[in-house]
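User: I am new to reading protein models and would like a close look at a single part, with the surroundings explained as you go. Could you take me through one helix and the side of its chain that meets the partner chain?

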Amino acid sequence: MKHIIEEESKYAASAKAFRANVARDLGNEELRSNFRGAMDYLMDKRKSAFSSEDELEVLREQCKLIKQRCLAKLPHLLEQLEGNLERNGIKVHWAETITEANEIIAQLIADKKGSSVVKGKSMVSEETALNDYLEERNVECLESDMGEYIVQLAKEHPSHIIMPAIHQNKKQVAKLFADNIEGFEYSTDVDTLIQQGREVLRNKFCQADVGISGVNFAVAETGTLCLVENEGNGRMCTTIPDLHIAITGIEKVVEHLSDVPPLLSLLTRSATGQAISTYFNMISSARKPGEKDGPQEVHLVLLDNGRSQAFADEELKQTLQCIRCGACMNHCPVYTRIGGHAYGTVYPGPIGKMVSPHMLGLEATTNLPTASTLCGACGEVCPVKIPIPKILLRLRQESVKPKSQQPEVMKGQGAGRSSVEALIWKVWAQVHKSPTMYALSMWGLTRFRFLMPKKLGGWTSVRTAPKPAATTLHQRVKAKQEKAKQSQQERG
Amino acid sequence: MQQLNTQHLRDYPKKPKQVYLFGTCIVDSFFPDTGMDAIELLEREGIEVIYPQGQSCCGQPAYNSGYKDEAKAVALSQVKQFPLDIPVVVVSGSCGGMMRHHYLDLLGDDPEINNFCQRVFELTEFLVHVLHLKPVDQGPKEKVALHTSCAARREMGVHLTGNKLISQLANVELVIHDYESECCGFGGTFAVKHADISAAMVADKSKHLVATDAVRYVSADHGCMMNINGALDYQKQSLRGEHIASYLLNRIKGNSSKGSL
């Protein structure tokens, strides 16, 4: 338990930590260029994956409606999913917190006397810090997705939800492999690098006792777990070891099998510009009698970890529509600049700003909702049309609400409230809703414009200070009207 | 694939006799020339412009900072300043987006609010879709770039109307800068709260604009321009931005423009 608390605090994006991370990563030119290059590539790929704007728009609307329908009946669908999975022989476990999820998984592994795990890519297992938890219990965890493998070797965390090692360029990966893989033949050729990494992983697949994977869609009506991947490692993890444990968030449930094709199509095209991923796995049972392969046991751990808090509010509920494609971060000008690690949360970028406050509370994430210009690039590309800027605005509102105001919608309500700032806005509102007070303040601003300081904090570190005009537009219009009246009178 | 936005497609009224002008607080206190130029531009088309002296700010600064009640009080006071059933022309895409779209959320979907929101037009949108303005260019040959604020682009479609207006100027070559649709890093209080990130963004935006070799860049938002021009001035670049209202008027009148700072 102590360990988990530390893990949480390591991830938490406290105001101070966030500022320090941002300063560190903005100053790292190699990192900046890695992100800019990768995001440009991903944006181009996505753009070329849709034949027309109309097609994209129709698909986005369709997928939004699918996810909204599924969320509208979420409790019912989860029950249906559990029933159908159990009927298929897949055992379902419910975890309210990350600790519960980790304990369930550790127990399942202990029951089988397992000591080595091979993992497919799963952001939810990053959310629970599962690797650290298991390794402390002497269970070896090996990440088998190439990107995850790279960050694991580098003792880092994913910087992107789809491409975990996107912050590293091929030279950095070559050096990492040279330092860590025995017999590595130095090369910066991407195919050679991947081939050598794969050889290491291939051996591990055959030795592991347990395979752990995520889930992209859990189909309620059929009890099917769908897994989208490109490297085949997901299939290996879920078929070779005797025990397969899948872990996912409760929002991944969909109602019908027919909901999957449109979502899948939009997921892969939004994420990497692929028409479809190289592998698409549909897991509907453990090995059946007479079958020659597949795991003996399959388990699904369904994690809440703050999701039901979002679910309880009509507006924030839309957060759960997310299918984790990463398009919002690929298009985010802030993410492109600071990269994924600066956020200090498992999920970076716009999606991270929306989900992390539910997982960690607003105290630990005060700076996330404000770290956006609300430019709307994320909302424009979101495949399920989550109004991301609007949700960030809502989180800002929750963050500056008085702590005591009821009903409390979110953990850590009011964490971003400062009494000075609240007072400033109160005065601001008084001035701007009263024409007399506004006129007076504008008169003061223009009359004493010479008092305008030349230094304005962070603003003037890269810009000159703006200067108020000598006369306001209000005054200019009035003067113009008076002049017109005068000349009319003179003429008259 | 062209970026399309369906949010701004709407029914446009016939050319009215009168309009209101919403000047915005930034224009009022820092760039009144822009407001005067917008008025002249509209008056040249035979429209009477009413500028209510009771107007102040659209409420966006408080709204974007999470202070909803404060934003609401100011927004309501503004709606009251524009009672006649005539268009409200706004000289900023971002304030226009606030008044056209966000007021409904903020103030509730009541008939008076709804009627007000329906009457809000961003200036270039009004010039193109209501006045069908065909500016006759009398200015010298030159290259300009266009920076569209994000709210203007995504909520009001200004990248299309601004582009159309500039493209009609016979002697002006419109040059597209790299990462044209990317945010300049202003974002209101963002530029103060996250000054480092904002600085990195405006450094890139100004670099891309300077790289076009345009003599100036044009924008429909003084928020962005305060940010970008401030950075250009700090860097001692000669390039400056000018509000599209002033730029158009100067082109029509054959004046050479100077850029605003």
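Analyst: What follows is a walk along one helix of chain B, then across the interface, and finally to a few backbone details elsewhere.

Please keep in mind that this is a predicted model, and that the values below are computed from its atoms. The part to look at is helix H2 of chain B, which runs over residues 32-44 and so has 13 residues. At 1.5 Å a residue these should span 18 Å, and because the end C-alpha atoms of the helix are 18 Å apart, the expected and computed lengths agree.

Along H2(B), a number of residues are buried: B:Pro32, then B:Thr34, B:Gly35, B:Met36, B:Asp37, B:Ala38 and B:Ile39, and further on B:Leu41 and B:Leu42. When you read such a list, it helps to remember that an α-helix has 3.6 residues a turn, so residues three or four places apart point the same way. Just after H2(B) comes B:Gly46, whose phi is positive, at about 80°.

Now turn to the meeting of the two chains, where 53 residues of chain B are in contact with 50 residues of chain A. H2 is among the helices of chain B that each supply at least two residues of the side touching chain A, and others of this group include H1 (25-29), H4 (68-79), H8 (150-156) and H12 (222-234). The largest share of that side, 8 residues, comes from H11(B). In make-up, the side of chain B that touches chain A divides into 29 nonpolar, 16 polar and 8 charged residues.

Some backbone details in loops are also worth finding. In chain B, B:Tyr179 sits in the loop between strand S6 (172-175) and helix H10 (190-193), and its phi is near 50°, a positive value in a residue other than glycine. B:Tyr179 counts as partly exposed because 14 other C-beta atoms lie within 10 Å.

In chain A, A:Ala129 lies in the loop between helix H7 (123-127) and helix H8 (130-135), and here too phi is positive in a residue other than glycine, near 55°. A:Ala129 has 21 C-beta neighbours inside 10 Å and therefore counts as buried. Further along chain A, the peptide bond from A:Gln406 to A:Pro407 is cis, with omega near -5°, and A:Pro407 belongs to the loop between helix H20 (388-400) and helix H21 (419-433).

Terms used:
Residues are numbered from 1 along each chain as its sequence is written. Chains are lettered from A and ligands numbered from 1 in the order in which they are written. This is a predicted model: local features need pLDDT of at least 70, side-chain atom pairs count only at pLDDT 80 or more; totals for chains, interfaces and linings use all residues. Helices (H or I, at least four residues) and strands (E, at least two) are DSSP runs, numbered from the N terminus. A residue is buried if 20 or more other C-beta atoms lie within 10 Å of its own, exposed if 12 or fewer, and partly exposed in between; C-beta atoms are placed from the backbone. The expected span of a helix is 1.5 Å times one less than its number of residues. Two residues are in contact if their C-beta atoms, placed from the backbone, lie within 7 Å. Ala, Val, Leu, Ile, Met, Phe, Trp, Tyr, Cys and Pro count as nonpolar, Asp, Glu, Lys and Arg as charged, and the others, Gly among them, as polar.
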